[in-house]
Amino acid sequence: MKRTELREHVFKMLFQIEFNEMDEMPEHLQLYFASLENATEQDKEYIENKYHAVVEKVSEIDDLINEKCEGWKTTRMNKVDLTILRLAVYEIKWDEDVPTGVAINEAVELSKRFSGEEGPAFVNGVLAKIAN
């Protein structure tokens, strides 16, 4: 799989943490992997590793987002946008394999696919503040 596709799968797994208990997530992850027909073991490993890396930093990521968002707090944000932001902030701050511009562009593209009409501009604006 290409990185863009892998990132989308990570996003989908991260989105589930908003609606499921953390102790249920290993089972959800395995069920999700069972539904991926063309994923290699390497793809699944990448998805799982990045998912866990982001989850470990969620509170730190949310603090950064809250610090940069005037008038918005993570508790009030659209859950799709919040999940996209969490993944992108992780990539910007801690994933040395992903250039900042790529993380922002990929986040905006995810937002175009999964968020509402204002999502891409919102995501881009927040990430621009975090990147600087």
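Okay, let's start with tyrosine 90, which is buried, with a relative accessible area of 12%. Before I go on, please keep in mind that this is a predicted model. What sits one helical turn along from tyrosine 90 in helix 5? That would be tryptophan 94: the two are four residues apart in helix 5, so about one helical turn separates them. Tryptophan 94 is partly exposed, at 26% relative accessible area. The two rings have their centres 6.1 Å apart and their planes at 25 degrees, so this pair is stacked; the cut-off for stacked is planes under 30 degrees apart.

Tyrosine 90 also turns up in a helix contact. Lys50, Ala53 and Val54 from helix 3 meet Arg86, Leu87, Tyr90 and Glu91 from helix 5. If you sort that contact of helix 3 with helix 5 by class, you get four nonpolar residues, no polar ones and three charged ones. As for how the helices cross, helix 3 is residues 41-56, helix 5 is residues 79-94, and they pack at an angle of about 95 degrees with their axes 10 Å apart. That makes helix 3 roughly perpendicular to helix 5, because anything from 65 to 115 degrees goes in that class.

Let's stay on leucine 87 for a second. Not counting neighbours within four places in sequence, leucine 87 is in contact with Arg7, Val10, Phe11, Leu14, Lys50, Val54 and Leu110.

Now the core. How many residues are in the largest nonpolar core? There are 41, and the ones with the most contacts inside it are Ile65, Ile84, Leu85, Leu87, Val89 and Leu127. Helix 1 (3-15), helix 2 (25-35), helix 3, helix 4 (58-68), helix 5, helix 6 (100-114) and helix 7 (119-131) each put in at least two residues. Which helix gives the largest share? Helix 5 does, with nine residues.

One of those helix 5 residues to look at is leucine 85. Leucine 85 is buried, with a relative accessible area of 0%. Setting aside residues up to four places away in sequence, leucine 85 touches Ile65, Met77, Phe122, Val123, Val126 and Leu127. And if you go from leucine 85 to alanine 107, that's 22 residues along the chain, but their C-alpha atoms are separated by 7.1 Å.

Ile65 brings us to helix 4. Its buried residues are Val58, Ile61, Asp62, Leu64, Ile65 and Asn66, and these pack against helix 3, helix 5 and helix 7. Let's take the helix 7 side. Helix 4 and helix 7 pack at about 100 degrees, with 10 Å between their axes. That makes helix 4 roughly perpendicular to helix 7. Here Leu64, Ile65 and Lys68 of helix 4 meet Val126, Lys129 and Ile130 of helix 7. By class, the contact of helix 4 with helix 7 has four nonpolar residues, no polar ones and two charged ones.

Back to rings. The model has four aromatic pairs. In one of them, phenylalanine 11 and phenylalanine 114 have ring centres 5.0 Å apart and planes at 40 degrees, so that pair is tilted. Phenylalanine 11 is in helix 1 and phenylalanine 114 is in helix 6, so the pair ties together parts that are 103 residues apart in sequence. Buried or exposed, where does phenylalanine 11 fall? Phenylalanine 11 is buried, at 4% relative accessible area, while phenylalanine 114 counts as partly exposed at 28%. Ring pairs also link Phe11, Phe15, Phe19 and Phe114 into a cluster.

Two more residues and I'm done. Glutamate 106 lies in helix 6, and for a charged residue you might want to know its accessibility: glutamate 106 is buried, with a relative accessible area of 16%. What does glutamate 106 contact, leaving aside neighbours within four places in sequence? Thr4 and Arg7.

Last one, proline 99, in the loop between helix 5 and helix 6. Proline 99 is partly exposed, with a relative accessible area of 48%. From proline 99 to valine 123 is 24 residues in sequence and 17 Å in space, C-alpha to C-alpha.

Technical notes
Residues are numbered from 1 along each chain as its sequence is written. This is a predicted model: local features need pLDDT of at least 70, side-chain atom pairs count only at pLDDT 80 or more; totals for chains, interfaces and linings use all residues. Side-chain values use heavy atoms; hydrogens and water are left out. Axes are lines fitted to C-alpha atoms, for helices over the stretch in contact, and angles run from 0 to 180 degrees between N-to-C directions. Angles under 35 degrees count as roughly parallel, over 145 as roughly antiparallel, 65 to 115 as roughly perpendicular and the rest as oblique. Contact means heavy atoms within 4.5 Å. A nonpolar core is a set of buried Ala, Val, Leu, Ile, Met, Phe, Trp, Tyr and Cys residues joined through side-chain atoms within 4.5 Å. Buried means under 20% relative accessible area, exposed over 50%, partly exposed in between (1.4 Å probe, protein chains only). Rings of Phe, Tyr and Trp (its six-membered ring) pair if their centres lie within 6.5 Å; planes under 30 degrees apart count as stacked, over 60 as edge-to-face and the rest as tilted.
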